[in-house]
Amino acid sequence: MFGCLVAGRLVQTDALQVASDKFVFNLPDYENVKHVVVFMLGTVPFPAGMGGAVYFSFPDPASGGSVWQLLGFITNEKPSAIFKISGLKAGEGGAFDPGSFLQCCMFSSCFLQDSDY
C-alpha cells in the first residue's frame, strides 16, 4: 500500500502492518537522513473519504520513550509527499540509537477538507 524513499537508498515497500490502520517503516541510520518521501504504491487506494497521516518517531534520551512528530499526510488525491526530518531527531551525535520509525496511519476525512491542502 505504501512506499518510502530516502535519497541514495533503494525504495522501501516492506512496511510492517502493526494494526489494521497503521504501517511502520524502519529507517536504518536515521541520523543521516534529511528528507524522506512517503507515497502510495497505487495498488490499494484509501477508502473514500480517508487519507494517511505520516508520523516520524525517534527516541527521547530524557525519558527513554518514543517521541512522535506529525509530518503531514497523503491521500488518493495527493499520493506522495516529501518530508524534512533533519532537526527533528533527538540524541544527534550521541550513542543513543535504538532505531527510528516512520509510521503511516489512516484518518477520517472529517479532519481533512479539500481546502486544507
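**Strands, a core and some rings**

Modeller: Start with one contact: the side chain of Thr75 comes within 3.2 Å of the backbone nitrogen of Glu77. A polar contact is a pair of N or O atoms within 3.5 Å; within protein, one must be able to donate a hydrogen and the other to accept it, and residues adjacent in sequence count only if both atoms are side-chain atoms.

Biologist: What kind of model is this, and how are residues numbered?

Modeller: This is a predicted model: local features need pLDDT of at least 70, side-chain atom pairs count only at pLDDT 80 or more, and totals for chains, interfaces and linings use all residues. Residues are numbered from 1 along each chain as its sequence is written, and side-chain values use heavy atoms, with hydrogens and water left out.

Biologist: Which strand does Thr75 lie in?

Modeller: Strand E6, residues 66-75. Strands (E, at least two residues) and helices (H or I, at least four) are DSSP runs, numbered from the N terminus.

Biologist: Is Thr75 buried or exposed?

Modeller: Thr75 is buried, because its relative accessible area is 1%. Buried means under 20% relative accessible area, exposed over 50%, partly exposed in between (1.4 Å probe, protein chains only).

Biologist: Zooming out, how many helices and strands are there?

Modeller: Zero helices and eight strands. Of the 117 residues, 36% count as buried.

Biologist: Which residues have the most contacts inside the largest nonpolar core?

Modeller: Phe2, Leu27, Val36, Phe56, Ile74, Phe83 and Ile85. That core has 19 residues. Strands E1, E3, E4, E5 and E7 each supply at least two of them. A nonpolar core is a set of buried Ala, Val, Leu, Ile, Met, Phe, Trp, Tyr and Cys residues joined through side-chain atoms within 4.5 Å.

Biologist: New topic. How many aromatic pairs turn up?

Modeller: Two in the whole structure. Phe2 and Phe23 are edge-to-face, 5.2 Å centre to centre, with 70 degrees between the planes. Rings of Phe, Tyr and Trp (its six-membered ring) pair if their centres lie within 6.5 Å; planes under 30 degrees apart count as stacked, over 60 as edge-to-face and the rest as tilted.

Biologist: How many residues apart are Phe2 and Phe23?

Modeller: They are 21 residues apart, Phe2 in strand E1 and Phe23 in strand E3. Phe23 counts as buried because its relative accessibility is 11%.

Biologist: Why is the pair of Phe2 and Phe46 tilted?

Modeller: Their planes are at 50 degrees, so the pair is tilted; the centres are 5.8 Å apart. Phe46 is in the loop between E4 and E5. Ring pairs link Phe2, Phe23 and Phe46 into a cluster.
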